[in-house]
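User: I'm new to this one. Can you walk me through it?

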Amino acid sequence: MLLIRNGYMIDPKSGLEGKYDLLIEADKIKKIGKHLTIPDKNCRVIDAEGLLAAPGLVDVHVHFRDPGFPDKEDIPSGAGAAAKGGFTTVVMMGNTRPPIDNIDTLQYVLDRGRSTGIHVLSCANVTLGMRGKELTPMEDLAGHGAVGFTDDGVPLMDRELVRDAMIRTAELGMPISFHEENPGMIAENGINRGKASTHFGIGGSPREAEISLVERDLQLALETGAHINIQHISTREAVELVRRARKQGGNIHAEATPHHFTLTEDAVLRYGTLAKMNPPLREEADRQAIIQGLADGTIDIIATDHAPHTAEEKARTLTQAPSGIIGLETALSLAVTNLVRTGCLTMCQLLRLMSTNPAHLYHLDAGYLAENGPADLVLIDTAAETVPGKYASKASNTPFTGWNLTGKVRYTISSGKIVYSDAE
């Protein structure tokens, strides 16, 4: 048993907030109350005075590179990074090698995930080989544990195939997530077509590449009733398209990453390849639109798009280096620093975006604190200063190393067990 005493609890699902103790037995929260007594001498006690007790964070967009690229990240190291960042549940993307378009690969990643201490789940691919030509056996993959479908990393260009995929996933009652970048409009990806691309003398990625596919997929979602997620949104126009579509009903969701609500294309001039990602960092007006979208509920999920690469890969030239940065260990502190301390969001709103809403997208029993609910929670020192630099991930490709941020995870507890602590 584990007793957490004297913490300030926020449950974003119910809205319950205040100073409460939490008694955990096995993998469930047995009791939430004030001044709970220690039930027996074998019960471990954590004094959470000055700490925030919140649901374990849920990240629905991670790349753990296993199978295929374990030198970048494997499932145990990715899970370790997640636990350090306060995440108790993550959803892997399917662009591994081989891709997660078959039951054997799906079972491999799920089996590996079970031994990590946190909940490692996975999407399966929408199309075989991520080639955008033929749909995967979605019913079989769903029956063997896939929680959703995506070809993240590769946009789907065939409109009728996308329609068919939406119809199939709607019948299954499962979400389908979209990487919205039209490659036919992009000269060199990872850099915004604007100030950054002009500086480096390259073509870059225009905002229209995202806008065009977001517009198409929102229309199809409203027609088919599909449960869709617009991934890593980057443009103000796409935010407005989602806002309008959500007002028309349907199961429409959108996610924003910490790097897109923190940085602009100016970061590429300073950090080079460490600020190269797909979709790219845009303009200040786009960053502000994303923050407004998070505040008014248009964007209902914060996801990291944790994308580890080796130092050697990121040392290549700007056009040759891969896109993406790690994000699991910096997401919470970036959000506290840029969204909560600035007054854009309350802490309860932030936790809803990082736990309750992502769990709802994938129909997971997670993202809340309640008696008889899962004992997945994080204890956060919201006032503590933190400087990223020593990572549990195998990778360190991020522009945020050395930044002065606020908000630090003290304990991560998954299924009633402490899987990360910096307090001992």
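**A first look around**

Analyst: Of the 424 residues in the chain, 61% count as buried. Keep in mind that this is a predicted model.

User: How many helices and strands are there in the chain?

Analyst: The chain has 13 helices and 16 strands. Its radius of gyration is 21 Å, close to the 22 Å from the globule rule for 424 residues, so the chain is as compact as a globular protein of that length.

User: And what does the C-alpha trace span along its principal axes?

Analyst: About 65 × 45 × 45 Å.

User: What share of the contacts comes from residues 24 or more positions apart?

Analyst: Such pairs make up 73% of the contacts with a separation of 6 or more.

User: Now the inside. Which residues have the most contacts in the largest nonpolar core?

Analyst: Ile228 and Leu350 do, in a core of 75 residues. Helix α13, residues 347-361, supplies the largest share of this core, with six residues. Another core lies apart from it. That one has 18 residues, including Ile46, Leu377, Leu379 and Ile413.

User: What does isoleucine 228 touch?

Analyst: Leaving out residues up to four places away in sequence, Ile228 touches Met166, Ile176, Phe178, Asp217, Leu218, Ala221, Asn251, Ile252 and His253.

User: On to helix packing. At what angle do α6 and α7 cross?

Analyst: Roughly 10 degrees. Helix α6 covers residues 208-224, helix α7 covers 236-247, and their axes come within 9 Å. Angles under 35 degrees count as roughly parallel, so α6 and α7 are roughly parallel to each other.

User: Which residues meet there, α6 against α7?

Analyst: From α6, they are Glu210, Ile211, Val214, Glu215, Leu218 and Leu222. From α7, they are Glu237, Ala238, Leu241, Val242 and Ala245. By class, this contact has eight nonpolar residues, three charged and no polar ones. Leu218 of α6 also turns up among the residues that Ile228 touches.

User: How does α7 pack with α10?

Analyst: The angle between α7 and helix α10, residues 284-296, is about 25 degrees, and the axes are 8 Å apart. That makes α7 and α10 roughly parallel as well. On the α7 side, Arg236, Glu237, Val239 and Arg243 take part. On the α10 side, the residues are Ala285, Asp286, Ala289, Ile290, Gln292, Gly293 and Asp296. By class, the contact of α7 with α10 has four nonpolar, two polar and five charged residues. Glu237 contributes to the contact with α10 and also to the one with α6.

User: Let's switch to loops. Where is glycine 190, and is it buried or exposed?

Analyst: Glycine 190 sits in the loop between β10 (175-178) and α5 (195-200). It is buried, at a relative accessible area of 0%. Beyond four places in sequence, glycine 190 contacts Ala275, Lys276, Met277, Asn278, Pro280 and Ser323.

User: How far apart in space are glycine 190 and glutamate 17?

Analyst: They are 41 Å apart, C-alpha to C-alpha, with their positions 173 residues apart in sequence.

User: What about threonine 319? Where does it lie?

Analyst: In the loop between α11 (311-314) and α12 (331-340). Threonine 319 counts as partly exposed, at 39% relative accessibility. Outside its neighbours within four places, threonine 319 contacts Glu188, Ile202 and Lys276. Lys276 is also in contact with glycine 190. Threonine 319 and isoleucine 202 are 117 residues apart along the chain, yet their C-alpha atoms are separated by 8.4 Å.

User: Last topic, the backbone. Which residues does the cis peptide bond with omega near 15 degrees join?

Analyst: Aspartate 66 and proline 67. Proline 67 is in the loop between β6 (57-62) and α1 (75-84). Another cis bond joins arginine 97 and proline 98, with omega about 0 degrees. Proline 98 lies in the loop between β7 (87-92) and α2 (103-114).

User: What is phi at arginine 65?

Analyst: About 60 degrees, a positive value although arginine 65 is not a glycine. It lies in the loop between β6 and α1. Arginine 65 counts as buried, at 9% relative accessibility.

User: And histidine 35, buried or exposed?

Analyst: Histidine 35 is exposed, with a relative accessible area of 72%. Its phi is positive too, near 55 degrees. Histidine 35 belongs to the loop between β3 (28-33) and β4 (44-47).

Methods
Residues numbered from 1 in each chain as written. Predicted model: local features only at pLDDT ≥ 70, side-chain atom pairs only at ≥ 80, totals over all residues. Heavy atoms only, no water. Axes fitted to C-alpha atoms, helices over the stretch in contact; angles between N-to-C directions. Helix = DSSP H or I, 4+ residues; strand = E, 2+ residues; numbered from the N terminus. Parallel < 35°, antiparallel > 145°, perpendicular 65-115°, else oblique. Contact = heavy atoms within 4.5 Å. Nonpolar A, V, L, I, M, F, W, Y, C, P; charged D, E, K, R; others polar. Core = buried A, V, L, I, M, F, W, Y, C linked by side-chain atoms within 4.5 Å. Buried < 20%, exposed > 50% of the residue type's maximum accessible area, 1.4 Å probe, protein only. Rg over C-alpha atoms; globule rule 2.2 N^0.38 Å.
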